[in-house]
Amino acid sequence: MEQQPTLITLLSDFGNSDEYVGVMKGIIAQINASTRVIDINHRIPPQNIAAGRFCLMNAYPYFPPGTVHVAVVDPGVGGKRRAIAVELTSGFLVAPDNGLLSGVLSRYDAITAVELTNHKYWHTSTPSSTFHGRDIFAPVAAHLANGVGIQELGTIINPATLMRLELVECTYQSDSIFGCIQYIDHFGNLVTNIPGSSLVDKNWYVQLGDWKISNYKTYADGRIGEAIALIGSHNWVEIAVNSGNAQLQLQMKVGSEITVQW
């Protein structure tokens with residue numbers, strides 16, 4: 001029986017009002033029209049590498065082994081940043097080397113990394129300086145999905161040299177954890193970088209400036225308009241407002257520091 005082509009996912013800040021996402025899918029279909037493509041998210045805020053990092057990191061575990069993940073949030077397109085592909089035990093990543101992959105790579109070890117220098121696997125040997133998603137990343141992903149070895153795509157590089165997006169590291173004390181906001185979702189919920197697994201069997205709360213925010217199990221447990229803390233489906237401590245927008249109400253942003261205490 002003929003083996004089915006590997007699944008490809010797409011994540012970008014391209015939005016849904018232009019042709020960019022459709023063009024990338026067209027390039028993939030030119031190489032193999034039967035390749036399945038799943039959209040993770042194309043509404044990453046423009047140039048927001050941190051948001052792309054978070055969404056890719058949290059989506060990655062839910063796809064089958066061998067999936068090729070293409071992520072394009074690329075404010076440095078056409079500049080000196082590298083175009084890369086990375087092989088993990090459970091799949092592949094194709095993206096600009098700008099920290100976008102650092103969330104996944106904080107959880108999964110890279111086996112092989114390459115800089116995408118082999119024009120044979122590009123859409124054109126003279127790519128646009130503004131649309132590497134079309135000319136480099138989409139065709140490379142399609143060739144990977146068709147079984148081309150990652151070593152054929154370019155120059156082997158040391159995975160330790162890949163760019164990392166630095167967040168405030170969690171600091172653990174006997175009765176508290178210091179962390180930061182790492183992502184703000186569509187609802188205005190503030191997702192921290194403090195793992196829920198650190199708070200098992202603790203009666204904890206979030207201290208956010210002058211606000212003491214109690215923890216609940218669900219969004220609806222607090223009063224309407226009340227700021228609440230809970231463990232989100234992604235297993236990070238999250239701050240929300242029941243039937244409201246925590247970002248607007250609390251005036252927080254990515255990188256804002258928070259404390260969890262018990």
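**View 1. Asp135 and Arg134 pair up in this predicted model.** Asp135 makes a salt bridge with Arg134, and the closest N and O atoms sit 2.7 Å apart. The acid is buried: Asp135 has a relative accessible area of 1%. Its partner Arg134 is partly exposed, at 26%.

**View 2. Helix α1 turns one side inward.** This helix covers residues 20–31, twelve in total, and runs 17 Å from its first C-alpha to its last, close to the 16 Å expected at 1.5 Å a residue. The buried residues here are Val21, Met24, Ile27 and Ile28. They sit on the same side of α1, because the arc they cover around the axis is only 120°. That fits the usual helix geometry: with 3.6 residues a turn, residues three or four places apart point the same way. Among the elements covering these buried residues are β1 (8–12), β2 (37–41), β3 (67–72) and α4 (132–145).

**View 3. A salt bridge ties α1 to β2.** Asp39 and Lys25 form the pair, with 2.6 Å between their closest N and O atoms. Asp39 belongs to strand β2 and Lys25 to helix α1, so the bridge links distant parts of the chain, 14 residues apart. Asp39 is partly exposed, at 36% relative accessibility, and Lys25 is partly exposed too, at 30%. By the rule used here, the model has five salt bridges.

**View 4. Arg82 meets Asp97 across two loops.** The closest N and O atoms of this salt bridge are 2.9 Å apart. Arg82 is in the loop between β3 and β4, while Asp97 is in the loop between β5 and α3 (102–105); 15 residues separate the two. Asp97 is buried, with a relative accessible area of 7%.

**View 5. The largest nonpolar core has 30 residues.** Val70, Val94, Leu116, Leu144 and Leu153 are the ones with the most contacts inside this core. The elements giving two or more residues are β1, α1, β3, β4 (83–88), β5 (91–96) and α4. Helix α4 supplies the largest share, eight residues. Zoom in on Leu153 and you'll find, among its contacts beyond four places in sequence, Ala85, Val114, Leu116, Tyr121, Val140, Leu144 and Val148. A second, separate core has 26 residues, including Leu100, Leu101, Leu105 and Ala113.

**View 6. Glu238 is buried without a salt bridge.** This acid sits in strand β14. The nearest side chain of opposite charge is that of Arg107, 12 Å away. What does Glu238 touch instead, leaving aside neighbours within four places in sequence? Its contacts are Asn189, Leu190, Val191, Tyr219, Ile228, Ala229, Leu230 and Gly232.

**View 7. Glu226 is another buried acid.** Glu226 lies in the loop between β12 (211–214) and β13 (227–231). It counts as buried because its relative accessible area is 14%, under the 20% cut-off. Not counting residues up to four places away in sequence, Glu226 touches Tyr216, Ala240, Val241 and Asn242.

**View 8. Asp201 and Asn235 have positive phi values.** Most residues other than glycine have a negative phi. For Asp201, phi is near 65°; for Asn235, phi is near 70°. Asp201 is in the loop between β10 (190–195) and β11 (205–208), and Asn235 is in the loop between β13 and β14 (236–241). Asp201 is exposed, with a relative accessible area of 80%, whereas Asn235 is partly exposed, at 37%.

Conventions:
Residues are numbered from 1 along each chain as its sequence is written. Side-chain values use heavy atoms; hydrogens and water are left out. Helices (H or I, at least four residues) and strands (E, at least two) are DSSP runs, numbered from the N terminus. Buried means under 20% relative accessible area, exposed over 50%, partly exposed in between (1.4 Å probe, protein chains only). Contact means heavy atoms within 4.5 Å. The expected span of a helix is 1.5 Å times one less than its number of residues. The arc is that of the directions from the helix axis to the C-beta atoms. A nonpolar core is a set of buried Ala, Val, Leu, Ile, Met, Phe, Trp, Tyr and Cys residues joined through side-chain atoms within 4.5 Å. Lys and Arg count as positive and Asp and Glu as negative; His and the chain ends are not counted. A salt bridge is a side-chain nitrogen of Lys or Arg within 4 Å of a carboxyl oxygen of Asp or Glu.
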